[in-house]
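Reader: I would like a close look at a single part of this protein. Please take me through it step by step, and go outward from there.

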Amino acid sequence: MSTVANVSAAKPKTGGAIYVADTGKDTAAATKLVMNGTTLQNNTSGARGGALATDTSSTALIINATNCTFYKNTSTTSGGAVCVQNSNCNSTTDPTAVPIVFTGCVFRENSSKTDGGAIDVRTNSCLKIDGITAEGNTATGNGGVVYVTSNNTRLYITGEVSCKNNTAKSGPFS
């Protein structure tokens, strides 16, 4: 088990603790991030994704996060804990084939100055959440738990999702 805490990233488009990006060159190799039992807490982003942000427009992105905790992360724009953008899976229609999966994770007391108190899923991306717990996340805009943009974006929800005391202008999921 590992903990990443108290990291602040002021650079635009970066995650507070982890930023996953590609080189901008087409490549057959996928970018992969695996976290198991990791805690990301008290991280701050000067833009999106308080703990984790992605932008991989020219390579495939694979993220497997299992039993992770995202606690008290903050973004000045979207995705209090996580912001996924350009993950190159917009043609995926099979939920079992989604390459970005958060399983059994806890999202607690994360905040966003705009949309997605816990998670923001943006342009050309897909994400699967499986059996998560979301408590006390806030967004001043939309989606206290998850905000999904409409540009070639998909969200798949499987397993039990427990949501308590999440706040936003409109809905826990929008």
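Which residues do ring pairs link into a cluster? And what surrounds that cluster?

Author: This is a predicted model, so every value here is computed from it. The cluster consists of F70, F102 and F107, linked by ring pairs.

Start with the rings. The structure holds three aromatic pairs. One of them joins F70 to F102 in an edge-to-face arrangement, with 5.9 Å between centres and 65 degrees between the planes. The edge-to-face label applies because the planes must be over 60 degrees apart, and the angle for F70 and F102 is 65 degrees. This pair links distant parts of the chain. F70 sits in strand β9 (residues 69-71), while F102 sits in strand β12 (residues 100-103). In sequence they are 32 residues apart. Both F70 and F102 are buried.

Now the strands around F102. On one side, β12 runs parallel to β8, joined by four bridges. There, F102 stands opposite A65. β12 also runs parallel to β16, through three bridges. In β16, the partner of F102 is I129. So F102 has bridge partners in two strands, because A65 faces F102 across one pairing and I129 across another. As a general point, strands of a sheet pair through backbone hydrogen bonds.

Next, the core. The largest nonpolar core has 28 residues. M35, L52, F70, V82, F102, F107 and I119 touch the most other members. That list includes F70, F102 and F107, the ring cluster you asked about. Several strands feed this core. β3, β4 (31-36), β8 (61-66), β11 (82-85), β12, β15 (119-121) and β16 (126-130) each supply at least two residues. The largest share, three residues, comes from β8. Recall that β8 is also a parallel neighbour of β12.

Follow L52 from here. Set aside its neighbours within four places in sequence. L52 is then in contact with G15, I18, V20, L33, M35, I63, A81, V82, C83 and F102. Three names on that contact list are M35, V82 and F102, and those residues also appear among the core members that touch the most others. L52 thus leads from the ring cluster to another sheet.

That sheet is open and has five strands. Their order is β3-β7-β11-β15-β19, and the pairing is parallel. The edge strands are β3 (18-21) and β19 (146-148), each pairing on one side only. Neighbouring strands of this sheet are turned by 10 degrees against each other on average, direction ignored. β3 pairs with strand β7 (residues 52-55) over four bridges in the parallel sense. L52 in β7 is the bridge partner of I18.

At D55, in β7, charge enters the picture. D55 and R48 meet in a salt bridge through their side chains, at 3.8 Å from N to O. Are these two buried or exposed? R48 counts as buried because its relative accessibility is 5%, under the 20% limit. D55, at 12%, counts as buried for the same reason.

A search of the whole structure finds four salt bridges. Another one joins E109 and K72, at 3.7 Å from N to O. This pair also links distant parts of the chain, 37 residues apart. E109 lies in the loop between β13 (106-108) and β14 (111-112), and K72 in the loop between β9 and β10 (74-75). Recall that β9 is the strand that carries F70. E109 is partly exposed, with 37% relative accessibility. K72 is partly exposed too, at 36%.

A further salt bridge joins D120 and R122, at 3.0 Å. Its two ends fall in separate classes. D120 is buried, with a relative accessible area of 0%. R122 counts as partly exposed, at 26%.

Last, the wider setting. The protein has zero helices and 21 strands. Of its 174 residues, 48% are buried. Take the contacts between residues at least 6 apart in sequence: 86% of them join residues at least 24 apart. The link between F70 and F102 spans 32 residues.

Definitions and conventions. Residues numbered from 1 in each chain as written. Predicted model: local features only at pLDDT ≥ 70, side-chain atom pairs only at ≥ 80, totals over all residues. Heavy atoms only, no water. Phe/Tyr/Trp six-rings, centres within 6.5 Å; stacked < 30°, edge-to-face > 60°. Buried < 20%, exposed > 50% of the residue type's maximum accessible area, 1.4 Å probe, protein only. Pairing = 2+ DSSP bridges. Axes fitted to C-alpha atoms, helices over the stretch in contact; angles between N-to-C directions. Core = buried A, V, L, I, M, F, W, Y, C linked by side-chain atoms within 4.5 Å. Contact = heavy atoms within 4.5 Å.
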